[in-house]
Amino acid sequence: MPPAALHQNDCRAMLTIEHKQQEAESRAVEVPEIKPGVPLHFASGLLGFETNKNFELISDEELNPYQWLKGTDADQSFLVIPPSFAVENYSVELAEDDVVMLELNDQADAVVLCIATYHLNESVTINLKGPIVYNKKTLQGKQIVPLNAANLPLAHPMGN
Amino acid sequence: MLVLSRKLKESVVINGNITVSILRVDNDNVRIGIEAPKEVNVMRYEIYEEIRKNNQAAADSSVAKMKAKLLVKN
């Protein structure tokens, strides 16, 4: 029930207003501002999700070094991480068609990310067999099955 | 499933832009050649299934994690 209108010189009015503001602030749920992500386009979608072609790659200090690959035209989203946090000497052999499709004549334009799965026991594994590669200049990406995929693990355990 | 019989060197066309050719036939091994647009993924079934399932599990598992980390900040 709103308070009765108080004269503007009545100091009680000012105190009342301040108090109400404070209450409103503490009741609000803090929704952190998430910086807009990098829009990535996957012309082939992801394996099993061929129609999920558009994603936003979002970074947040809460997730670091993981990033959030958020689906923008479908519900599926993924947590991803550069494989260098898990393994040394991981190299992805791209088929010629993939090099052409992603325009990766310059290797330096390539960014590799691996999809992470969180398990019931709180452990995390990452997929080294089907990494995501995107061109940081064109922002086109693809889930690649490297030529050496047979030797690569689907669920490589992450430490810590 | 559409079932066809082909002899060595014969082909099948899919969707007007994918061609599957029989290159070699041994006793229990068939060598198949596939031409398809770059955007069309072609791979052995087992690898596709493995990665598809992993993607599904990853997507399912990430939901709670992302909600916990990103929507409730202390």
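# A quick tour of a two-chain model

Leu139(A) is partly exposed, because it has 13 other C-beta atoms within 10 Å, and a residue needs 20 or more to count as buried, or 12 or fewer to count as exposed. That residue is one small stop on our tour of a predicted model in which chain A and chain B touch, with 31 residues from chain A and 23 residues from chain B in the contact. Let's start with the odd spots in the backbone, then work through the strands, the core and the place where the chains meet.

**Backbone oddities**

- Most residues other than glycine have a negative phi, and most peptide bonds are trans. Keep that in mind for the next few points.
- Leu139(A) goes against the habit: its phi is near 60°, a positive value in a residue other than glycine. You'll find Leu139(A) in the loop between β7 and β8 (140-143) of chain A.
- Asn15(B) also has a positive phi, of about 55°, although it is not a glycine. Its home is the loop between β1 (11-14) and β2 (18-25) of chain B.
- Is Asn15(B) buried or exposed? Asn15(B) counts as exposed, because it has just 8 C-beta neighbours inside 10 Å.
- There's a cis peptide bond too: it joins Asn64(A) and Pro65(A), with omega at about 0°. Pro65(A) sits in the loop between β2 and β3 of chain A.

**Chain A, strand by strand**

- Chain A has two helices and nine strands. Going along the sequence, you meet them in the pattern α-β-β-β-β-α-β-β-β-β-β.
- Of the 160 residues of chain A, 30% count as buried.
- Look at contacts in chain A between residues at least 6 apart in sequence: 49% of those join residues at least 24 apart.
- β2(A) and β3(A) run antiparallel and are joined by four bridges. One of the pairings puts Ile58(A) opposite Trp68(A), its bridge partner in β3(A).
- β3(A) then pairs with β4(A), again in the antiparallel sense, over three bridges. These two strands form a hairpin with six residues between them.
- Within that hairpin, the bridge partner of Leu69(A) in β4(A) is Phe78(A).
- β3(A) is mostly covered, as four of its five residues are buried.

**Phe78(A) and the core**

- In soluble globular proteins, nonpolar side chains tend to be buried together.
- Here, the largest nonpolar core has 35 residues. Among those with the most contacts inside this core are Phe78(A), Val80(A) and Ile115(A).
- Which elements supply this core? β1 (38-42), β2 (54-58), β3 (67-71), β4 (78-81), β5 (110-118), β6 (124-126) and β7 (132-135) of chain A, together with α1 (45-71) of chain B, each give at least two residues.
- β5(A) gives the most to this core, with five residues.
- Phe78(A) belongs to strand β4 of chain A. Phe78(A) counts as buried because it has 28 C-beta neighbours inside 10 Å.
- Leaving aside neighbours within four places in sequence, Phe78(A) is in contact with Leu69(A), Ile115(A), Ala58(B), Ala59(B) and Ser62(B).
- Phe78(A) and Trp68(A) are ten residues apart in sequence, yet their C-alpha atoms are 6.0 Å apart in space.
- Ile115(A) also has partners in both chains: once neighbours within four places in sequence are set aside, its contacts include Phe78(A), Val80(A), Asn55(B) and Ala58(B).

**Where the chains meet**

- The contact takes 31 residues from chain A and 23 residues from chain B.
- On the side of chain A that touches chain B, β4, α2 (96-102) and β5 of chain A each supply at least two residues. β5(A) gives the most to this side, with four residues.
- By class, that side of chain A has 19 nonpolar, seven polar and five charged residues.

**Chain B's own parts**

- The domain assignment splits chain B into domain 1 (1-38) and domain 2 (43-74). The C-alpha centres of these two domains lie 34 Å apart.
- Strands of a sheet pair through backbone hydrogen bonds, either parallel or antiparallel.
- In chain B, three strands form an open sheet in the order β1-β2-β3, and the pairing is antiparallel.
- β1 and β3 (30-35) of chain B each have a single partner strand, so one side of each is left without a neighbour in the sheet.
- Neighbouring strands of this sheet are turned by 20° against each other on average, direction ignored.
- Four bridges join β1(B) to β2(B). In one of the pairings, Val13(B) has Thr19(B) in β2(B) as its bridge partner.

Conventions: Residues are numbered from 1 along each chain as its sequence is written. Chains are lettered from A and ligands numbered from 1 in the order in which they are written. This is a predicted model: local features need pLDDT of at least 70, side-chain atom pairs count only at pLDDT 80 or more; totals for chains, interfaces and linings use all residues. Domain bounds come from an automatic or database domain assignment. A nonpolar core is a set of buried Ala, Val, Leu, Ile, Met, Phe, Trp, Tyr and Cys residues joined through C-beta atoms within 7 Å. Two residues are in contact if their C-beta atoms, placed from the backbone, lie within 7 Å. Ala, Val, Leu, Ile, Met, Phe, Trp, Tyr, Cys and Pro count as nonpolar, Asp, Glu, Lys and Arg as charged, and the others, Gly among them, as polar. Two strands pair if DSSP finds at least two bridges between them. Axes are lines fitted to C-alpha atoms, for helices over the stretch in contact, and angles run from 0 to 180 degrees between N-to-C directions.
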